[in-house]
Amino acid sequence: MPKLTLYGLDLSPPHRACVLTLKALNLPFEYKSVNFLEKQHLTEDYLKKNPQHTVPTLEDDGHFIWDSHAIITYLVSKYGKDDTLYPKDLLKRALVDQRLHFESGVVFTGSLRNITCPLIMKNETRIPQHKIDAIVETYDFLEVFLKDSPYVAGDHLTVADFSIVSTVTTLVAFVEIDSAKYPKVTAWIKRLEALPYYHEANAVGNKIFVDIIKSKNFTIVE
C-alpha cells in the first residue's frame with residue numbers, strides 16, 4: 001500500500017474534499033494537522049513542501065502536491081481501481097474538469113473565501129449584500145447542473161461532487177439552502193450524506209467551521 005500523508009485542517013473545505021476522495025478510494029493515509037493560528041503553515045519545513053503555504057498538501061513517496069483539485073484527480077488517476085471518479089473519456093473528463101474549475105473560481109473563491117476572509121482574518125462583521133447574492137447565484141448554477149442528472153458531472157459520483165459539496169455545505173452558514181427553491185441541490189446533498197464515510201470526512205469538520213462563522217454575529221448591509 002502507498003504511504004500517503006495529508007497535511008491539512010479539518011475546517012478547510014478543500015482538505016475535506018481530499019479526505020472524501022481518500023476514503024472513497026479506501027486509501028490509508030496519515031493526517032498531519034497544520035495549525036494556522038500557530039503559523040505552522042509558514043514554517044521553513046512546510047514552505048519546502050508547499051511554497052504557497054496553503055492546505056491541503058499531499059505527500060506521496062517524497063513528492064508533494066498541493067491544491068485540492070490537483071490532489072484528488074491525482075489520487076484517482078494513480079490509485080483508483082477504475083476511472084469512475086475521474087473518467088478517462090475526454091468528454092466526460094472535460095465535464096468533471098469544468099465543475100472543478102467552477103468550484104475553484106466560483107464556489108470557493110468567488111463565494112466562500114470572498115466572504116470568510118474578511119470575517120475571520122480581519123474580524124469584519126458587516127457583509128455586503130452582493131457577497132450574499134454571489135452565494136445565491138452559486139446555488140442557482142448548481143440547481144441547473146443537477147437538472148438532468150443525480151450528480152454534478154453526470155450519472156455517477158465523481159471527484160467534482162466531493163469538491164463542490166465540501167464548500168457548498170459550508171456556505172449554508174450564510175445562506176440556507178431552501179429545499180423548495182433548490183430541490184435538486186437538496187436531494188444531491190442527501191445523496192452524498194448517505195455515503196458511509198461522509199460524516200467523518202466532511203460533516204464533522206464542516207459543523208465546526210459553520211458554528212465558528214455563525215458565532216461572528218455578522219450583519220448584512222446594502
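Which residue in strand 3 does Leu4 stand opposite? In this predicted model, the partner of Leu4 is Asp60. Strand 1 and strand 3 (residues 57-60) run antiparallel. Four bridges join the two strands.

These strands belong to an open sheet of four strands. The strand order is 2-1-3-4, and the pairing is mixed. Strand 2 (30-33) and strand 4 (63-66) form the edges. Each edge strand pairs on one side only. From one strand to the next, the twist averages 20°.

Two helices were examined against the sheet. Helix 1 packs on the sheet and touches strand 1 and strand 2. The direction of helix 1 makes about 155° with that of strand 1. Helix 3 lies across strand 1, strand 3 and strand 4. Relative to strand 3, helix 3 runs at about 30°.

The largest nonpolar core holds 60 residues. Those touching the most other members are Leu75, Tyr139, Leu142, Phe174, Trp188 and Leu192. Strand 1 (4-8) gives two or more residues to this core. So do helix 1 (13-24), helix 3 (68-79), helix 4 (90-121) and helix 5 (129-145). Helix 6 (159-171), helix 7 (183-193) and helix 8 (198-214) also give two or more residues each.

Leu142 illustrates the contacts in detail. Leaving aside neighbours within four places in sequence, Leu142 is in contact with Val152, Ile164 and Val168. Under that same condition, Leu142 is also in contact with Val185 and Trp188. Trp188, like Leu142, is among the core residues that touch the most other members.

Conventions: Residues are numbered from 1 along each chain as its sequence is written. This is a predicted model: local features need pLDDT of at least 70, side-chain atom pairs count only at pLDDT 80 or more; totals for chains, interfaces and linings use all residues. Side-chain values use heavy atoms; hydrogens and water are left out. A nonpolar core is a set of buried Ala, Val, Leu, Ile, Met, Phe, Trp, Tyr and Cys residues joined through side-chain atoms within 4.5 Å. Buried means under 20% relative accessible area, exposed over 50%, partly exposed in between (1.4 Å probe, protein chains only). Contact means heavy atoms within 4.5 Å. Two strands pair if DSSP finds at least two bridges between them. Axes are lines fitted to C-alpha atoms, for helices over the stretch in contact, and angles run from 0 to 180 degrees between N-to-C directions.
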